[in-house]
Amino acid sequence: MARLSIITVNLNDAAGLHKTLVSVWERQSFSDFEHIVIDGASTDGSVEVIKEYADRLAYWVSEPDKGIYNAMNKGIAAAKGEYLLFLNSGDWLEDDSLAEVFATPPEEDIIYADYYNITESGGKERVQMPDRITLPWLLLHSLGHPSTLIRRRTIAGKGYREEYRIISDWAFWVEELIKNGRSSRHADIAMSCYNLQGVSAKKENGERIVAEKDDFLGKAFGSRYCMADIRRCISALDIISKHRTGELTASEKLQRQLRQCFKLLARFGHR
């Protein structure tokens, strides 16, 4: 059994797919992996790119799907590695980053590393992950799927929630790390580059993201709070963490937000 299954999902992004495949097959010394490509019946030459690497791939398919998470679930079903890494077309691994991550043999359910955001101008901005994942942090942020290893047994058989179009990977982090208490470890390296042209990164999808998160939180925790409430609560906690006690004691509004925040954390469970 391979130590790692790399799953790449693609739809009409031949150039991005080629960059992803090059980073996996030509810029890594680590070799204990299999690579799976799930293409959504692309018509732009992506299949030709896949065929260039077909003899190295453990599995590939090009067929219609029901969305990105449906495609990712196809990859999960085909994977046989101990850990899974979702590296979608347009994202790429930093040179030799797999060897660096596996230099410390993974034992946890989820191992997450830092990554670079690639801006429209081509610049690189490192996104630093915290050493400990908490509920307040996850309510406002997310792990990067192209820089996170997931033990296959934690996701196999259930996969990502396909009723959501944008936030299913975030929902998985919240459910597994917070609700189910899965073990995790921060690998302090910049493992991959994330293309900001993805669906979840587009500003026009902001309202849908909030709506999907509200729906998930209600179903997962029975919470009556929405993401707008959560952001206000976190801002009150931020004031405390920076010792701005004068601002807190002078504002009844902030005090109400803080009380609401404590109720929220108690409702979700203190993790």
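These legends walk through a predicted model, from the whole chain to close-up views. Local features need pLDDT of at least 70 and side-chain atom pairs count only at pLDDT 80 or more, while totals for chains, interfaces and linings use all residues. Residues are numbered from 1 along each chain as its sequence is written, and side-chain values use heavy atoms, with hydrogens and water left out.

**Figure 1. The whole chain, with 11 helices and 9 strands.**
Helices (H or I, at least four residues) and strands (E, at least two) are DSSP runs, numbered from the N terminus. The protein chain has 271 residues, and 53% of them count as buried. Buried means under 20% relative accessible area, exposed over 50%, and partly exposed in between (1.4 Å probe, protein chains only). About 12,900 Å² of the protein chain is exposed, and carbon and sulfur atoms supply 47% of that area. Areas come from the Shrake-Rupley method with a 1.4 Å probe; for residues, only the protein chains shown count as cover. Among contacts with a separation of 6 or more, 76% join residues 24 or more positions apart. A contact means heavy atoms within 4.5 Å.

**Figure 2. Helix H1 and its packing partners.**
H1 covers residues 14-25, 12 residues in total. From first C-alpha to last, H1 reaches 16 Å, close to the 16 Å expected at 1.5 Å a residue. The expected span is 1.5 Å times one less than the number of residues. Ala14, Gly16, Leu17, Thr20, Leu21, Val22, Ser23 and Val24 are buried in H1. An α-helix has 3.6 residues a turn, so residues three or four places apart point the same way. What do the buried residues of H1 pack against? Their partners are strand S1 (4-10), strand S2 (33-39), helix H2 (46-52) and strand S5 (92-93).

**Figure 3. Ser5 in strand S1.**
Ser5 counts as buried because its relative accessible area is 0%. Leaving out residues up to four places away in sequence, Ser5 touches Glu34, Ala79, Lys80, Gly81, Tyr83, Leu84 and Leu85. Ser5 and Ile150 are 145 residues apart along the chain, yet their C-alpha atoms are separated by 9.8 Å.

**Figure 4. Two loop residues with positive phi, Asn12 and Asp96.**
Most residues other than glycine have a negative phi. Asn12 has a phi near 50°. Asn12 lies in the loop between S1 and H1 and is partly exposed, with a relative accessible area of 38%. Asp96 has a phi of about 60°. The loop between S5 and helix H4 (97-101) holds Asp96. At 32% relative accessibility, Asp96 is also partly exposed.

**Figure 5. Strand S9 and its neighbours S5 and S6.**
Two strands pair if DSSP finds at least two bridges between them. S9 spans residues 184-195 and runs antiparallel to S5, with 2 bridges joining them. Here Leu93 has Ser192 of S9 as its bridge partner. Strand S6 (residues 110-118) runs parallel to S9, and 9 bridges join the two. Tyr112 has His186 of S9 as its bridge partner.

**Figure 6. Aromatic pairs, 8 in the count.**
Rings of Phe, Tyr and Trp (its six-membered ring) pair if their centres lie within 6.5 Å; planes under 30 degrees apart count as stacked, over 60 as edge-to-face and the rest as tilted. Trp170 and Phe216 form an edge-to-face pair, 5.7 Å centre to centre with 75° between the planes. Trp170 lies in helix H7 (residues 168-179) and Phe216 in helix H8 (residues 206-221), so this pair ties together parts that are 46 residues apart in sequence. Both Trp170 and Phe216 are buried. Phe172 and Trp173 form another edge-to-face pair, 5.5 Å centre to centre with 70° between the planes. Phe172 counts as buried at 5% relative accessibility, and Trp173 at 0%. One aromatic cluster is formed by Tyr69, Phe86, Tyr160, Phe172 and Trp173.

**Figure 7. Lysine charges over the rings of Tyr116 and Trp170.**
A charge sits over a ring if NZ of Lys or CZ of Arg is within 6 Å of the ring centre and within 35 degrees of the ring normal. The charged end of Lys124 is 4.3 Å from the ring centre of Tyr116. For Lys213 over Trp170, the distance is 4.6 Å.

**Figure 8. Val174 in helix H7.**
Is Val174 buried or exposed? Val174 counts as buried, because its relative accessibility is 0%. Not counting residues up to four places away in sequence, Val174 touches Leu138, Lys179, Phe216 and Phe221. The C-alpha atoms of Val174 and Ile133 are separated by 9.6 Å, and the two residues are 41 apart along the chain.
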